[in-house]
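Student: Mind walking me through this one? I'd like to go piece by piece and hear the reasoning each time.

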Amino acid sequence: MKPASEERSAPAGRVLPLDLPRFLTREHHRVHLVGVAGSGMSGLAALLSQLGHAVSGSDKVSTMETDRLQRLGLRFYEQHRPEHADAADLVVFSSAIRDNNPVLVSGRGSGKPVVRRAEALAAIMHAKRGIVIAGMHGKTTTSAMTAHVLREGGLHPSHYVGAEIPILGTNAHWDPRGEYFVAEGDESDGTLRCFHPEHSLILNIEEEHLDFYADLAAIEEVFARLIEQTGGTVFYNIDDANTARLCATRKNAISFGFSDTADYRGAEVDSHAFSSDFCVYFRGQRLGEATLNAPGGHNVHNALGVIAVAVELGIPFEKIAASLRKFEHARRRFEIKYESERFLLVDDYAHHPTEIRATLNAARATGRKRVLAMFQPHRYSRTKALCTWFGRAFDDADRVVVTDVYPASEPPIPGISGQTIVDEIVKRGHRAASYQPRFERVHCDIGNALGGGDLVLSLGAGNIHEQLSILAADLVIAEKLKAIVGEEGHVRLYEALSKHTTLRVGGPAQFWVEPQSEKTFAELIQFCRDENLPLFVMGRGSNLLVRDGGIRGVVVHPSGGDFDKIEVNGCEITAGTGVKLREVAYAARAANLGGLEWMEGIPGVVGGGLRMNAGAMGKQTFENVGRIRYLDSEGNPHEKHRDELEVFYRRFPLLENNFAISATFRALPAERAIIDSRLRESQEKRRTTQPIAKSAGCIFKNPDSIPAGKLVDELGLKNSRVGNARVSQVHGNFIVNDGDATAADVFQLIENIKSVAREKRGIELETEVEIVGEPE
Ligand code: EPU
């Protein structure tokens, strides 16, 4: 290894000027990168390795990128320890690294040269003819497009881009054969002023990164410096007022855009769902037609800049046009995560109001019915500074769910959250914007609102794409379920089970499915078996306590179609599993059949009544059952007579692993007047002894020694409560939901009652309600 330069022997703590370009591009050293996992830093690590340096790096996280770099020889430490920099000749740090980082502190303390990422990059650029792409929005896509077009044009460019670019292979590459170096310049921390490129391409300038800059003037100053330091041509977007103002007066400047006065002018744009056709003119002369394989008018704008650069570098227009047709944009830039006839899920990095508008615009242009957006604000400072703009950015979305702010190393600002943005959107008159402070629930809010023909967008620079990926994975299953139940059946994602339980509590069902026939129910059972998905059947949800985390897997709700059929045949009444027991009682009455009047008092459906051998007025379901039809765990149908069935108090084991289809009840001819008086008796009992409020019926089975309601009453627990769950004043075996109670409240109240009964009476109460689902 050659000595770096004479200043390496400088005393500790003193760093003499270093010829960094020479050090990095003409010599070989040991370089340590602090914060190497960041997208920009990992690119730099790749370049340094390709330049022949021995590269090490530290970060608090490892990523796919650090794994890849390790395979290429990076020595990686998944922590920051001072000794990591000991052997290094140079330390490079990311702007995300704080001043008190131990590696940075020890590097500085040792007197070895310590430089910022952009300084190292600018130095590397010195060895080539640099082209810097700068601007607030679109620079990753435009840098990638430039490198791609130059590469296709045979110029062998080296490149450095801030994200993974599938079409380029990697985010950074050093190609010793070519003269040019295309780099994305980062304006966020002012380091744009480090570059002295041959050419620069300026896309747009507006208020951004106000955590770093005081105002627009401060931002413009940095751009002005870059323009001044550009040795050759400045290519600039003439349609952006701030950019045009800064660049137009410069001698060596070439403009692009849609304005009549643009040197490279785009016109006759024809946008399709994921691409655009357009014509290009150079100072009034038609160069030809191009097709850009990237969505949105904003990308046509970016492409005009690239065309300007490429033509000026001598690449024939036809070759440029052919490259644009093949272009594949960066990850997280209108990246399609799922596509089917019914749904389109797209992820985009947009996190500034201008970017959000452009992306929503591109989403609209796909021609899908509705656009639903999930947006994760990025940084408290940006949320605060641009909140009014954000309020105006979502006009093109039919529905918006906003998460909390992704802090990106910033401390919170009191009073600033996702709600801040929702307030602004609502002020603007948008009627479907909501705040979801629980990040892991965002996909549920959007997924539950989904309808055929919808496009879902995840927007943000943080980790919102993870929520879209969960939705995409679940949609794959949901679409298969839909294919099984057909047009007449229903499938919903993340259906809130609080809507389907009489107690009105319970989290979401991952897949809510309403089949309409025995055949489709059987297919659902087989599908769940094949896919290893749990399957739970839910009727009216009247004796059910679903936990707040909801139910994972498929929740089948057999209602409608075959399941709602009721037939009277002589003294027998056959009813589908979705028929309410009350309806069975009234169908019997209509046919002058008696003995089923007690069913009037049961809130559940046939399936639920069978499953738990429900009872009232001293009777229970199986006293009246003649036979049942059910599907086994493989979806095969069976019929069994009452005497073949094993039944207990509030328990029917067969339906613990099998699925009811229908039941045939036996009744006896009776006079209408007698039937009516029994029905009245039941109604009267309900009216006088049971609460009308939201409840799950009786919570506990009656112990042999005493009815549970009486016991709770005697224990003085009526009206005791946890949150908004309360023991009914009317009947001690009912817990009522006074409004917005959670399953956790109810569950805790049940536990309280059980423990008092145990302590004071030595009675072990057993729940009658079925408790299902995941805790939160
Ligand atoms: N009682 C009290 N205090 C109370 C509640 C009840 O002293 O707060 C006394 C009653 O006065 C009565 C005895 O306890 O002497 C039994 O009460 P009730 O007649 O209301 O009947 P239950 O056993 O509590 C059963 C079913 C109900 C059904 C009714 C009416 C069970 C666990 N419950 O209640 O079913 O509606 O009979 O026939 O078997 C259900 O299962 O979800 C359900 C509501």
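Student: Let's start with the open sheet of 4 strands: in what order do the strands come?

Tutor: Keep in mind that this is a predicted model. The pairing in this sheet is mixed. Strand 22 (490–496) and strand 24 (535–537) are the edge strands, each pairing on one side only. With the sheet open, the order reads 22-23-26-24.

Student: How do strand 23 and strand 26 run, parallel or antiparallel, and which residue stands opposite F511?

Tutor: Strand 23 (residues 508–514) and strand 26 (residues 551–556) are joined by 4 bridges and run parallel. Across that pairing, F511 has as its opposite number in strand 26 the residue V554.

Student: Which strands does helix 17 touch, and what angle does its direction make with strand 24?

Tutor: Helix 17 (residues 518–531) packs on the sheet, where it touches strand 23, strand 24 and strand 26. Another helix, helix 15 (residues 442–449), lies across strand 22 and strand 23 and runs at about 150 degrees to strand 22. For helix 17 against strand 24, the angle is about 145 degrees.

Student: Now the open sheet of 5 strands: why is one side of strand 27 and of strand 33 left without a neighbour?

Tutor: The order here is 27-28-34-32-33, with antiparallel pairing. Strand 27 (566–569) and strand 33 (637–641) stand at the edges, so what leaves one side of each without a neighbour in the sheet is having a single partner strand.

Student: How many bridges pair strand 32 with strand 34, and what stands opposite R627?

Tutor: Strand 32 covers residues 625–631 and strand 34 covers residues 659–666, and they pair in the antiparallel sense. Opposite R627, in strand 34, is T664. The bridge count for the pair is 6.

Student: Moving to strand 1, which residues stand opposite L33 in strand 2 and strand 4?

Tutor: Strand 1 (residues 30–34) is mostly covered, with 4 of its 5 residues buried. On strand 2 (residues 54–58) it runs parallel over 5 bridges, and with strand 4 (residues 90–93) it pairs in the parallel sense over 4 bridges. So the two residues opposite L33 are G57 in strand 2 and V92 in strand 4.Student: What is the handedness of the crossover from strand 1 to strand 2?

Tutor: Between strand 1 and strand 2 the chain passes through helix 2 (residues 39–50). That makes a β-α-β crossover, and its hand is right-handed.

Student: Which residues touch the most other members in the largest nonpolar core?

Tutor: That core has 51 residues. One of its well-connected members, F181, touches residues such as L47, L121, I124, M125 and W174, not counting residues up to four places away in sequence. A second, separate core has 39 residues, including I131, I165, F256 and A303. In the largest core, the residues asked for are L24, L33, V92, I124, F181 and I202.

Student: Why can helix 6 be called largely enclosed?

Tutor: The buried residues run from K139 and T140 through others, including H148, V149 and L150. Helix 6 is largely enclosed by the rest of the structure because the buried share of its 14 residues is 12.

Student: What span should helix 6 have, and how far apart are its end C-alpha atoms?

Tutor: Helix 6 (residues 139–152) has 14 residues, and at 1.5 Å a residue it should span 20 Å. After the helix comes G154, with a positive phi near 80 degrees. The end C-alpha atoms of helix 6 agree with the expected span, at 19 Å apart.

Student: And helix 11: which elements do its buried residues pack against?

Tutor: Helix 11 (residues 353–364) has 12 residues that should span 16 Å, and its end C-alpha atoms are 16 Å apart, which agrees. Its buried residues include P353, I356, L360 and A363. They pack against helix 9 (297–312), strand 17 (343–348), strand 18 (370–375), helix 13 (387–393) and strand 21 (454–459).

Student: Does K701 count as buried or exposed, and at what relative accessibility?

Tutor: K701 sits in the loop between strand 36 (695–698) and helix 21 (708–714). Its contacts beyond four places in sequence include Y649, R650, L765 and E768. Buried means under 20% relative accessible area, so K701 counts as buried, at 15%.

Student: Zooming out, what percentage of the protein chain's residues count as buried?

Tutor: The protein chain has 22 helices and 40 strands, and its C-alpha trace spans about 105 × 60 × 45 Å along the principal axes. Of its 776 residues, the share that counts as buried is 56%.

Terms used. Residues numbered from 1 in each chain as written. Predicted model: local features only at pLDDT ≥ 70, side-chain atom pairs only at ≥ 80, totals over all residues. Heavy atoms only, no water. Core = buried A, V, L, I, M, F, W, Y, C linked by side-chain atoms within 4.5 Å. Buried < 20%, exposed > 50% of the residue type's maximum accessible area, 1.4 Å probe, protein only. Contact = heavy atoms within 4.5 Å. Pairing = 2+ DSSP bridges. Right-handed = clockwise from strand over helix to strand, strands pointing away. Expected span 1.5 Å × (residues − 1). Axes fitted to C-alpha atoms, helices over the stretch in contact; angles between N-to-C directions.
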